[in-house]
Amino acid sequence: MDTIETLLTSLDSKSRGLLKSKALSGVFMANNVAVIDRMIRSSDLSTILASGGASARIESWRKKGTSAYLDSWREPCSALMDVQYTNRGARPPSGSNGIIDSAAVIKQLGSKDKDSIKDKFKNFNASFDELSGRHKALQMEREVRSLLAREVQAIIEPLYARFWDRYHEIDKGKGKYVKYDKGSLSAQLAALG
């Protein structure tokens, strides 16, 4: 396992020096870990390395590559962050199942807040479209593409759903700012895999 660890350490340091972005380096490492893991599992090494904790060490490298890739998805996530003032209105009645009346939320906002929400949707759309295109263009092992798509979906989908529930009426259904509804965003995220 020391040889494999040395190989992965060497690949990691070379990728940081040669590749342009942290996301690219993360994909590179995740691809290499997938290939190494597949080669171990399909050879006699699997029985030898099973008792040495090799799978845990390989998994830590996989997580490191995944984490490096997911850092690039922070920008669309940051666009979905907002400040919610709890003293602005009455609490929703118990048993409302968390249903939010977007039109009522929008009505309570001032013009600066509305402009801010519109900008957040525009920034999310631009960043999401750019990162989705990059993701689809990258060469990845099948299992790496699937893993990274699931991780991105686990991060983006709940944030967007919450933001969409509160503010989707900002453009009154015209689609000028709110490019994706929850279903279409989910389909876009599923298509990444």
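K179 has a relative accessibility of 46%, and because buried means under 20% relative accessible area, exposed over 50% and partly exposed in between, with a 1.4 Å probe and protein chains only, K179 counts as partly exposed. Before I go on, I should say that this is a predicted model, in which local features need pLDDT of at least 70 and side-chain atom pairs count only at pLDDT 80 or more, while totals for chains, interfaces and linings use all residues. Residues are numbered from 1 along each chain as its sequence is written, and side-chain values use heavy atoms, with hydrogens and water left out.

Back to K179, then. Its side chain meets that of D129 in a salt bridge, at 2.3 Å from N to O, where a salt bridge is a side-chain nitrogen of Lys or Arg within 4 Å of a carboxyl oxygen of Asp or Glu. The pair links distant parts of the chain, 50 residues apart, since K179 sits in the loop between α8 (142–167) and α9 (182–191), and D129 in helix α7 (residues 111–137). On the naming, helices are DSSP runs of H or I with at least four residues, strands are runs of E with at least two, and both are numbered from the N terminus. D129 is partly exposed, at a relative accessible area of 28%.

How many salt bridges does the structure hold? The count is 15, and I will take two others individually. The side chains of R57 and E5 meet at 3.4 Å, N to O; R57 lies in helix α4 and E5 in helix α1 (residues 2–18), so this salt bridge ties together parts that are 52 residues apart in sequence. R57 is partly exposed at 29% relative accessibility, and E5 is partly exposed with a relative accessible area of 22%.

The other one, between the side chains of R134 and E130, has an N to O distance of 2.0 Å, and here the partners are 4 residues apart in helix α7, which means that about one helical turn separates them. R134 is partly exposed at 46% relative accessibility, as is E130, with a relative accessible area of 43%. Elsewhere, salt bridges that share partners join D37, R41, E59 and R62 into one network.

D37 brings me to the helix packing, as D37 is found in helix α2. With a relative accessibility of 12%, D37 counts as buried, and, leaving aside residues up to four places away in sequence, D37 touches I58 and R62, contact meaning heavy atoms within 4.5 Å.

In general, two packed helices are described by the angle between their axes and the distance between the axes. Axes here are lines fitted to C-alpha atoms, for helices over the stretch in contact, and angles run from 0 to 180 degrees between N-to-C directions. Helix α2 (residues 22–41) packs with helix α4 (residues 54–70) at an angle of about 155°, the axes being 7 Å apart. As angles under 35 degrees count as roughly parallel, over 145 as roughly antiparallel, 65 to 115 as roughly perpendicular and the rest as oblique, α2 and α4 are therefore roughly antiparallel to each other.

On the α2 side, K22, A23, G26, V27, M29, V33, D37 and I40 meet I58, W61, R62, G65, A68 and Y69 in α4. By class, this contact has 9 nonpolar, 2 polar and 3 charged residues, where Ala, Val, Leu, Ile, Met, Phe, Trp, Tyr, Cys and Pro count as nonpolar, Asp, Glu, Lys and Arg as charged, and the others, Gly among them, as polar.

How are α2 and α8 arranged? Their axes come within 9 Å and cross at roughly 130°, so α2 and α8 are oblique to each other. The contact is made by V27, A30, N31, A34 and R38 of α2 with E143, V144 and L148 of α8, and by class it has 5 nonpolar, 1 polar and 2 charged residues.

Staying with helix α8, R166 lies there and is buried, at a relative accessible area of 16%. The C-alpha atoms of R166 and K107 are separated by 11 Å, although these positions lie 59 residues apart along the chain. I should put that separation precisely: R166 and K107 are 59 residues apart along the chain.

Finally, which residues does I106, found in helix α6 (residues 102–108), touch? Not counting residues up to four places away in sequence, I106 touches K114, R166, Y167, E169 and I170. I106 counts as buried at 9% relative accessibility, and its C-alpha atom is 9.4 Å from that of I117, the two being 11 residues apart in sequence.
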